[in-house]
Amino acid sequence: MLDFSSLLLAAALSGTCLSVTMFAIWFTAPRASFVLTVACGILVLVAHVILFWQYTRDPDPVLCQTALALLSLGFLIICLSAMQYLGVSDYGRAVVPTLCAMAVCAAVTFLGLDGIGFVITYATVTVLLSAIGAMFWINGSHDRRILLVVSFLSGTCAVSFALCGMVLLGKGQWTLGAAPDNWAERLNSVVAVACMTGLGALTLSLHHLQAQIELKAETMTDPLTRLMNRRGLTSLYGERAFGPFMAIVMFDLDHFKRTNDVYGHPVGDQVLCRFAAVINKYARTGVDAFRLGGEEFVIVMSRMTEERAYDLASRIGVAFGTEVVPTPLGPLRSTVSGGIGFGGADGRSLDDVLAEADAALYAAKRAGRNCVVSRKGMGKAEPVEPALRSA
């Protein structure tokens, strides 16, 4: 049977291995900043364990205060890494209460009430671990099975620290003069090693999962306009049946080749980005935008009647016509043509609706450009004011 000192040394060894692994991962993938934060947090906890082990051999009040402060600080950093990973930016909600608890703990320990200091620290760690589990469960958008395990491990570790504090409270041990040594402390040493090892392994899994998500997002994103590309369109809607309240608008910038020839490709890129910005301005829930390539764009609209879809497409065309791009040859305005294809009650495929939108787009081109044409020939958008320099 391992004694208490052996359990502490096992925890320090396990934490050191985890920390080294995390640092190695971060060096190979510096963008994964949350991994670096986890590594720092675990390293602080290793320092706590070493000092606490020394405190069990030499009960010095300064060692006690330092070890308790490092325990709270280590779990605070790990909590911040969870917030970092989940995109929760309000760090003050974790930092301020923890620092206040650390200050109170230091004060009561300095006064000789080290038992109360341990209780305060255990309560702080319990809250931090509970917050980590709750944040992953509430804010996580990945595989729920992984998030459930993270929440379970955090919760289990939190319970073990809570038990340590409850034992001290139950015995009324306000002044210890030495490291607490009871069944809860021994149980906590085993549980903490197991849970932190498990959380470390899950951090690696979450890092791998995040890397996959980022890679997938990159492959589905147009690097110039930051809209989704054709692959994104196929991924989101390739297997979807388009019902009667779904529509696709295909846009094509008018005379774009001439824009590139006369003003140069950098100006052409600006025009493309301006049109993407106009689309994003009118985007809302149920409206997804894509750049298929060149000067071709598509928006997919859900929960839209034919009239509303036509109205939205027309407003995008009119708004783009008012955009002015400064060039060495003078201000440039461009126009866009659009064609709309609609879903059906029997559920049409993406290819069918795209083909209909494409046919409507060609009808808009034949009608003189700078307009939107729908399947039912609902008319065309009002043209914008004459361009200062038309593309």
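## Starting at F75

A good place to begin is F75, which touches L45, V125, L128, L129, F161 and M196, leaving aside residues up to four places away in sequence. Keep in mind as you look around that this model is predicted.

F75 belongs to the largest nonpolar core, a set of 61 residues. Together with F118, L129, F136 and F161, F75 touches the most other members of that core. Seven helices each give two or more residues to it: α1 (4-28), α2 (33-57), α3 (61-86), α4 (92-110), α5 (114-139), α6 (144-171) and α7 (183-219). Which helix gives the most? That is α3, with 14 residues.

## A second core

Apart from this core lies another, made up of 34 residues. Among its members are L253, L272, A276 and F342.

F342 also turns up beside S374, a residue of strand β5 (residues 372-374). Is S374 buried or exposed? With a relative accessible area of 3%, S374 is buried, because buried here means under 20%. Not counting residues up to four places away in sequence, S374 touches Y310, I340, F342 and A360.

## The largest pocket

Now let's turn to empty space. Rolling a probe the size of a water molecule over the atoms shows where such space is left. In this model, the largest pocket holds about 260 Å³.

Its lining consists of 14 residues, and C79, R93, A94, L128 and A131 are the ones nearest the pocket's centre. L128 is also one of the residues that F75 touches. Helices α3, α4 and α5 each supply at least two residues of the lining. What kinds of residues make up this lining? They divide into 10 nonpolar, 2 polar and 2 charged.

## The two sides of helix α9

Helix α9 covers residues 256-263, and its buried residues are F256, T259, N260 and Y263. Looking down the axis of α9, you would see these buried residues fall within an arc of 100°, so they line one face of the helix. On the other side of α9, K257 and D261 are exposed.

What covers the buried residues of α9? The cover includes strand β1 (246-253) and helix α10 (265-282). Just after α9 comes G264, which takes a positive phi of about 100°.

Note on methods. Residues numbered from 1 in each chain as written. Predicted model: local features only at pLDDT ≥ 70, side-chain atom pairs only at ≥ 80, totals over all residues. Heavy atoms only, no water. Helix = DSSP H or I, 4+ residues; strand = E, 2+ residues; numbered from the N terminus. Buried < 20%, exposed > 50% of the residue type's maximum accessible area, 1.4 Å probe, protein only. Contact = heavy atoms within 4.5 Å. Core = buried A, V, L, I, M, F, W, Y, C linked by side-chain atoms within 4.5 Å. 1 Å grid on protein atoms, 1.4 Å probe; cavity = no way out; pocket = protein on both sides within 12 Å on 5 of 7 lines; lining within 4 Å. Points joined across faces, edges and corners; volume = space filled by probe spheres on them. Nonpolar A, V, L, I, M, F, W, Y, C, P; charged D, E, K, R; others polar. Arc of directions from axis to C-beta.
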